[in-house]
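Hi,

Here is the structure I said I would pass on. Have a look at it first, and then read on for what turned up.

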Amino acid sequence: MTTIWGSAVAGQYRSTLEDMAIVLRGCPPELWEASMWEVRKTDQWMWPPTDRDGQPFDDLEMRERKMQAMSAVWRMASHALFFTDNDLSAMQADWAPPPPFSPRDEHAYVVPHTYSLEDLLGYVDYCRQKVDALFADLADDQAAAPVPETHRYHGWPFGKLLLGGVIHLQRHSAEIRTFLRGHGIRCADE
């Protein structure tokens with residue numbers, strides 16, 4: 001049986017994943033690949049953009065397009081969902097995101113191919129299922145356990161990581177919603 005704090009955090013994940021699905025569905029095709037802010041070569045983790053194999057893009061126009069894709073709607077959503085999945089799975093030694101996503105998608109400077117709305121809505125559903133399974137019986141002793149060395153936040157209590165993870169997801173969902181509002185787009189729940 002999950003604790004009251006576990007139920008509260010799980011509820012935040014569920015509502016934020018639903019919000020992410022709403023904003024993704026509300027994004028018109030012409031804004032899917034639009035940059036939400038200008039990305040500069042001096043921005044941390046932005047230069048040079050590379051493919052999944054770590055190879056920079058030789059074509060200068062492609063390189064600029066990929067660099068600006070770092071702040072695109074699809075990219076912010078895939079980033080948020082990747083780390084949501086990774087954090088929910090922090091206690092699993094063999095974690096990998098579901099296809100078509102790759103464990104290399106979030107390596108420094110990597111810009112994967114553009115994910116579709118269907119890809120990202122599928123990832124939202126995948127994360128929802130993971131939330132339900134994890135929080136169904138998460139006990140305090142499990143939440144207090146340190147995150148393994150293989151995770152970027154190794155040593156943190158698992159519960160602290162989960163709370164930080166939902167805040168990260170909320171931030172990116174809100175960024176996308178704010179970008180859409182700035183273009184006069186209201187989502188289905190507004």
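Let's start at Pro-148, which sits in the loop between helix 6 (140-144) and helix 7 (158-182). One thing to keep in mind from here on: this is a predicted model. With a relative accessibility of 28%, Pro-148 counts as partly exposed. Leaving aside residues up to four places away in sequence, Pro-148 touches Ala-90, Met-91 and His-154. If you follow the chain from Pro-148 to Phe-158, you cover 10 residues in sequence, and the two C-alpha atoms end up 9.2 Å apart in space.

Now the overall picture. The protein has 7 helices and 0 strands, so if you read the elements from the N terminus on, you get α-α-α-α-α-α-α. There are 190 residues in the protein, and 47% of them are buried. The accessible surface comes to about 9700 Å², with 56% of that belonging to carbon and sulfur atoms. As for how the chain meets itself, take the contacts between residues at least 6 apart in sequence: 76% of them join residues at least 24 apart.

Which helix would I point you to? Try helix 4, residues 73-88. Helix 4 has 16 residues and reaches 22 Å from its first C-alpha to its last, close to the 22 Å expected at 1.5 Å a residue. What stands out for me is the burial: 16 of the 16 residues of helix 4 are buried, so this helix is largely enclosed by the rest of the structure.

Asp-85 is a good place to go next, and the way in is through Lys-130. Lys-130 is found in helix 5 (residues 117-135), and the side chain of Lys-130 makes a polar contact with the side chain of Asp-85 at 2.6 Å. Is Lys-130 buried or exposed? Lys-130 is buried, at a relative accessible area of 14%; the cut-off for buried is under 20%. Not counting residues up to four places away in sequence, Lys-130 touches Asp-85, Leu-88, Ser-89, Gln-92 and Trp-95.

On to the salt bridges. Side chains of opposite charge can pair when their charged atoms come close. How many salt bridges does the structure hold? There are 7 of them, and here are some that I looked at.

- Asp-132 and Arg-14: their closest N and O atoms are 2.8 Å apart. This pair links distant parts of the chain, with Asp-132 in helix 5 and Arg-14 in helix 1 (residues 4-26), 118 residues apart. Asp-132 is partly exposed at 39% relative accessibility, and Arg-14 is partly exposed at 37%.
- Arg-177 and Asp-19: the side chains meet in a salt bridge at 2.3 Å, N to O. Arg-177 lies in helix 7 and Asp-19 in helix 1, so the pair ties together parts that are 158 residues apart in sequence. Arg-177 is buried at 9% relative accessibility, and Asp-19 is buried at 18%.
- Arg-177 and Asp-189: here the side chains meet in a salt bridge at 3.0 Å, N to O. Arg-177 is in helix 7 and Asp-189 is in the segment after helix 7, 12 residues apart. Asp-189 is partly exposed, at 44% relative accessibility.

So Arg-177 has a salt bridge with Asp-19 and another with Asp-189. There is also a network of salt bridges that links Glu-18, Asp-125 and Arg-128.

Last, the cysteines. How many disulfides does a search of the whole structure find? The search finds 0. Cys-27 is in no disulfide, and the nearest cysteine sulfur to Cys-27 is that of Cys-187, 8.6 Å away. Cys-187 is likewise in no disulfide, with the sulfur of Cys-27 as the nearest one. A disulfide needs the two sulfur atoms within 2.5 Å. Cys-27 counts as buried at 8% relative accessibility, and Cys-187 counts as buried at 4%.

If you open the model now, I'd begin with helix 4, where 16 of the 16 residues are buried, and then go on to Arg-177, which has a salt bridge with Asp-19.

Cheers

How values were computed
Residues are numbered from 1 along each chain as its sequence is written. This is a predicted model: local features need pLDDT of at least 70, side-chain atom pairs count only at pLDDT 80 or more; totals for chains, interfaces and linings use all residues. Side-chain values use heavy atoms; hydrogens and water are left out. Helices (H or I, at least four residues) and strands (E, at least two) are DSSP runs, numbered from the N terminus. The expected span of a helix is 1.5 Å times one less than its number of residues. Buried means under 20% relative accessible area, exposed over 50%, partly exposed in between (1.4 Å probe, protein chains only). Contact means heavy atoms within 4.5 Å. Accessible areas come from the Shrake-Rupley method with a 1.4 Å probe; for residues, only the protein chains shown count as cover. A polar contact is a pair of N or O atoms within 3.5 Å; within protein, one must be able to donate a hydrogen and the other to accept it, and residues adjacent in sequence count only if both atoms are side-chain atoms. A salt bridge is a side-chain nitrogen of Lys or Arg within 4 Å of a carboxyl oxygen of Asp or Glu.
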